[in-house]
Amino acid sequence: MKRTAIFSILLVSALLQFGQNVNAQDFNTFFKDKTLRIDFHLRGTHDTTQASIAQLKEEKYWGGSVHHTIFPDYGTYRVQLFDAKSKQLIFSKGFNPLFKEWQTTNEAKEMSKIYYHTIQVPYPKAKVTVKIEERNWEGKFQTVLEQNIDPKSYFIINEKPKPYKVVELLKNGEHHSKIDLAILAEGYTAEEMDEFKADAQRMIDYMFTIPPFDRFKNRFNVYAILCESEESGTDVPGKHIYKNTILNSSFYTFDSPRYLTTSDMKAVADVAAVVPYDQVYVLVNSATYGGGGFYNYLNLTSADHALSEKVFVHEFGHGFVGLADEYYTSSTSYNDFYNLKVEPWEPNITTLVNFESKWKNMIDATTPIPTPRNGKYVDQVGVFEGGGYSAKGIYSPVQDCRMKSNEPEGFCPVCQKAIEATIKLLTE
Ligand SMILES: [Zn+2]
């Protein structure tokens, strides 16, 4: 009996540790209302990862939720904080670092590379253990970095960010109960700041016409940060174009011409620190088609292509919600991006390994699985083979969605549902 009782106590504490959300009252128990920024390196090859802390920074604002501190296990990585004394899990958040994508490229089979990353967590009141974990090929998290942090250490950098001018494009309330989107100017000179403000406004005006963002516009704040660059534009290495810009963005990421990213996350985070934020969007002063989106990490889009507003929304699907690409025919630089024997974590694709955990309840009983890509099932939710960069073995919810192409008006019902859930999680 006694043994059973002890076992039960252990079981309950394990459940508390791993399953329960730390609520708002607990936020104040464990955290101060500001940010601890953890800068770290990820280094390795296609099948090796080493992580090291680069620096720790204190930032004035915590833009994230104070109602939830333990989030669903989305992302190729996650950061977790454990109270050092009680070992209790007090914060968990998933994200997609650029390094993890690079590991699937051909280059990663031939060389080792290092990437600089930053992640924000709420500022702990007492000593914590931080764990950074990587999802392995089987879909399970494994620890790549474990480090004790004393929040009172004077090695945590506490310097004021450069006071960039901020324009509130949309303000609906205080930042803890809203989703705060920081849009950063990239490749706009001081003379081009009016153009940047107009470009940023145009992006969000469009985004808030797309369901379900239209219905939840009042849950967002949007800030435009007027950080000027020395030169106008961005790097296009394949055309030998190099511009001196504040956030060092570039097309030709992983040698893919339209893949627009930056690996200078230190520059991005230093600029973004002037506002509280949940999401960072780098708006790039270019008319070339392209963008990039990394879950809970970074969004980028060029501003002046005819399809830029649509790309803006597509990339935000990646960055804000963790939606997968539903396309499968375009050439990408990836090898074996998904393990077909594992259910992917992204809500809008499936390998059918555990389809019950996905959108099975949104399908008519008469719709065949898999569903043929033909006229009979246009605009219907089904299970269509092709998605996640693969024509075989990965399935999408509809035949076309904003996560597949720029043709449809917006997102499919499955993506909409996932977006709505993310909005509610961060604002309720
Ligand atoms: Zn979709």
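Helix α6 (residues 265–272) lies across β9, β10, β11 and β13 (298–302), running at about 120 degrees to β9. Here contact between two residues means C-beta atoms, placed from the backbone, within 7 Å. Helices (H or I, at least four residues) and strands (E, at least two) are DSSP runs, numbered from the N terminus. Axes are lines fitted to C-alpha atoms, for helices over the stretch in contact, and angles between N-to-C directions run from 0 to 180 degrees.

A word on the source: this is a predicted model, in which local features need pLDDT of at least 70 and side-chain atom pairs count only at pLDDT 80 or more, while totals for chains, interfaces and linings use all residues. Residues are numbered from 1 along each chain as its sequence is written.

Now to the sheets, where two strands pair if DSSP finds at least two bridges between them.

| Open sheet (order) | Strands | Pairing | Average turn between neighbouring strands, direction ignored |
|---|---|---|---|
| β8-β10-β9-β11-β13-β12 | 6 strands | mixed | 20 degrees |
| β2-β1-β5 | 3 strands | antiparallel | 25 degrees |

In the sheet of 6 strands, β8 (165–170) and β12 (291–294) stand at the edges with a single partner strand each, so one side of each has no neighbour in the sheet. β8 runs antiparallel to β10 (residues 220–226), joined by 5 bridges, and Val 166 has Ile 225 in β10 as its bridge partner. Helix α5 (residues 193–207) also packs on this sheet, touching β8, β9 (179–186), β10 and β11 (279–284), and its direction makes about 160 degrees with that of β10.

In the sheet of 3 strands, the edges belong to β2 (48–59) and β5 (113–124); each has a single partner strand, so one side of each is left without a neighbour in the sheet. β1 (residues 31–45) pairs with β2 in the antiparallel sense over 11 bridges, and Leu 42 has Ala 51 in β2 as its bridge partner. Helix α6 packs on this sheet too, touching β1 and β5, with its direction at about 25 degrees to that of β5.

Let's finish with a pair of helices. α7 (residues 308–321) and α8 (residues 413–427) pack at an angle of about 50 degrees, with their axes 10 Å apart. That makes α7 oblique to α8, the term for angles that are not under 35 degrees (roughly parallel), over 145 (roughly antiparallel) or 65 to 115 (roughly perpendicular). Gly 317, Phe 320 and Val 321 in α7 meet Cys 415, Ala 418, Ile 419 and Thr 422 in α8.
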